[in-house]
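Dear colleague,

Please find below the structure I am handing over to you. My notes on its salt bridges follow.

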Amino acid sequence: PYCNLNFFSMPKFSDRWVVDRTLFEYINGGSCACCAGALFMPGGIDGLIKSVSDLETDAANAEIRANTTSPWPPDMREEVWSDRVRLRHKMKKEMNKYKEFWNEHAEDFSEWCKTGIKAKSLHKMLQIPRSEIADRLRSKYGIHSAFGRVLESVAEQVARFKDTKYPTDARGESEIMFEKNLTYDRRGGFNLRVRDQEGNLKEEILKIWLDRMQSLGGPKLLERTPKKINVDNDEQDEDADEAEDAERSQPSFRSDRRIVRLLIARYWADELISKFQSSQSQIEIQNNESAILNAGEQE
């Protein structure tokens, strides 16, 4: 069994904590037969890392350098990266449905969130237990074993993110504001506090949510930092955060934290879209019934 005594003295919920928590869960719980030893990876792990197109070049290079001193056992390392690529590929394929919904229903949906549903109900829908993230990874995306263990630890890290003292992970205004306003408590799990203490709708928080929901349609799965232009050679400068990551001697879980928050946002979007469509169907049925009654009265 794996036990790192430094686990109890290291900064709580740091990236080093994620590594040791994951190793403890994985090694003591074991791999699963359907994932272990069934991976085909042309180009090895370096090729897998480079294939994640939403990693900026500097971030990918930093991950490749960190991989040379990776804390994961070799078989676990392969599982983590193959499932990381597989998850993002599946999530990218889903982006178009959010884009199509927003293009067709943005105005009506935004108004429905303000007046078509009670603030109390909206507040309740913008909650998700931490355990639901792992459940959706398994049931919807088929992600479990090594990378599932990583994301379970990362989800707990996201829940306690303020304790890490790390800077903001997000890129782009809508993602940044979503991250800053995402909160966690044991009773409600992750939530957006869209209702005030008097029970009134907090429209500024609703706007943050609507902006984030709109961004789920892309164009990128994970938005990148705008690059500066070097006027001497017209090449893109290195992003300061990625350069900092390159100096790390261990993997950073920043992009995985962003994926966890994206999973949370998509869960809420799916729930609200379903509720909105149901309410619109009810309105349509009522309108049709009224039209039939009016036609009968005129006759």
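I begin with a pair inside one helix: Glu25 and Arg21 both belong to helix H1 (residues 15-29), where they stand four residues apart, about one turn of the helix. Please bear in mind that the model is predicted. These two residues form a salt bridge, with 3.5 Å between the closest N and O atoms. Glu25 has a relative accessible area of 28% and is therefore classed as partly exposed.

Helix H4 (residues 74-93) holds another such pair, Arg86 and Asp83, three residues apart and again about one turn of the helix. In their salt bridge the closest N and O atoms are 2.7 Å apart. Arg86 is partly exposed, at a relative accessible area of 30%, whereas Asp83, at 5% relative accessibility, counts as buried because the cut-off for that class is under 20%.

A further salt bridge joins Asp270 to Lys97, with the closest N and O atoms 3.8 Å apart. This pair links distant parts of the chain: Asp270 lies in helix H13 (residues 254-298) and Lys97 in helix H5 (residues 95-116), 173 residues apart. Lys97 is partly exposed, its relative accessible area being 41%. Both residues also belong to one network, in which salt bridges with shared partners connect Glu94, Lys97, Arg136, Lys140, Arg266 and Asp270.

Overall, the count for the model comes to 21 salt bridges; those described above are among them.

With kind regards

Conventions. Residues numbered from 1 in each chain as written. Predicted model: local features only at pLDDT ≥ 70, side-chain atom pairs only at ≥ 80, totals over all residues. Heavy atoms only, no water. Salt bridge = Lys/Arg side-chain N within 4 Å of Asp/Glu carboxyl O. Helix = DSSP H or I, 4+ residues; strand = E, 2+ residues; numbered from the N terminus. Buried < 20%, exposed > 50% of the residue type's maximum accessible area, 1.4 Å probe, protein only.
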